[in-house]
Amino acid sequence: MTAPDTADTFEVRLRVPPRRFFARAGDTVLAAALRAGVPVLSSCRNGTCRTCICRLDSGRIDYLIEWPGLSAEEKREGLILPCVARPLTDLVLAPA
C-alpha cells in the first residue's frame, strides 16, 4: 500500500494483527480503517460502548466529542476509542 500524496493524511499502524492504513485529517480512525478494508470491532460508533478500545502506543489524536467513554485513568494509560478519535499525527495502535 502506498501513501496518499497529501500532507493531510496520516499513517495508522496496528501492532496486532500487523496492518497499516491511511487516515485523512478529520476522519475517525475507525472510519479510515473500515474504508481501507481493515476489520475493527465496533458497535456504537459514538464513544460509549468501548468495543473498539485500544492503546495508543505513539502519535497524537483528538476527539469528536468532549469526553469519550474513558475514565481519566484510562486516558492517562493511553487508551483511546478509535470510533471518535481523529489522528493529528501518524499513529501506532495496540490491543488494550
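This report describes a predicted model, moving from its sheet to its loops, one helix residue and a pocket.

## The sheet

Strands of a sheet pair through backbone hydrogen bonds, and this pairing can be either parallel or antiparallel. In this model, an open sheet is built from 5 strands in the order β2-β1-β7-β3-β5, and the pairing within it is mixed. The edges of the sheet are formed by β2, which covers residues 19-24, and by β5, which covers residues 79-80, and each of these strands pairs on one side only.

At one of these edges, β2 is joined by 6 bridges to β1, which spans residues 9-14, and these two strands run antiparallel. Within this pair, L14 stands opposite R19 of β2, and the two strands make up a hairpin that has 4 residues between them. On β1 there is also a parallel pairing, over 3 bridges, with β7, the strand of residues 91-95, and here V12 has L91 of β7 as its bridge partner. Strand β3, made of residues 54-58, pairs with β5 in the antiparallel sense over 2 bridges, and C54 has I80 in β5 as its bridge partner.

## Backbone features in the loops

Most residues other than glycine have a negative phi, and most peptide bonds are trans. Against that background, the peptide bond that leads from V16 to P17 deserves a look, since it is cis, with an omega near -15 degrees. P17 is placed in the loop between β1 and β2.

Two residues in another loop can be read alongside this bond. R45 lies in the loop between α1, which covers residues 29-35, and β3, and its phi is near 65 degrees, a positive value in a residue other than glycine. R50 is also found in the loop between α1 and β3, and the phi of R50 is near 70 degrees, again a positive value in a residue other than glycine.

## E74 and its partner R50

E74 lies in helix α2, which is made of residues 72-76. Is E74 buried or exposed? E74 has a relative accessible area of 16%, and because a residue counts as buried under 20%, E74 is buried. R50, by contrast, has a relative accessible area of 32% and is therefore described as partly exposed.

Which residues does E74 touch, if those up to four places away in sequence are not counted? They are R50, G69 and L79. With R50 there is also a polar contact, in which the side chain of E74 and the side chain of R50 come to 2.6 Å. The residue that E74 meets in this way is thus one with a positive phi, in the loop between α1 and β3.

## The largest pocket

Rolling a probe the size of a water molecule over the atoms shows where empty space is left. In this model, the largest pocket holds about 300 Å³ of space. Its lining is made by 20 residues, and those that lie nearest its centre are L14, V16, V40, C52 and C54. Several of these names have already appeared: L14 stands opposite R19 in β2, V16 begins the cis peptide bond to P17, and C54 has I80 as its bridge partner in β5.

The lining of the largest pocket also draws on named elements, since α1 and β7 each supply at least two residues to it. What classes of residue make up this lining? There are 18 nonpolar residues, together with 1 polar and 1 charged residue.

How values were computed. Residues numbered from 1 in each chain as written. Predicted model: local features only at pLDDT ≥ 70, side-chain atom pairs only at ≥ 80, totals over all residues. Heavy atoms only, no water. Buried < 20%, exposed > 50% of the residue type's maximum accessible area, 1.4 Å probe, protein only. Polar contact = N/O pair within 3.5 Å; in protein donor to acceptor, adjacent residues only side chain to side chain. Contact = heavy atoms within 4.5 Å. Pairing = 2+ DSSP bridges. 1 Å grid on protein atoms, 1.4 Å probe; cavity = no way out; pocket = protein on both sides within 12 Å on 5 of 7 lines; lining within 4 Å. Points joined across faces, edges and corners; volume = space filled by probe spheres on them. Nonpolar A, V, L, I, M, F, W, Y, C, P; charged D, E, K, R; others polar.
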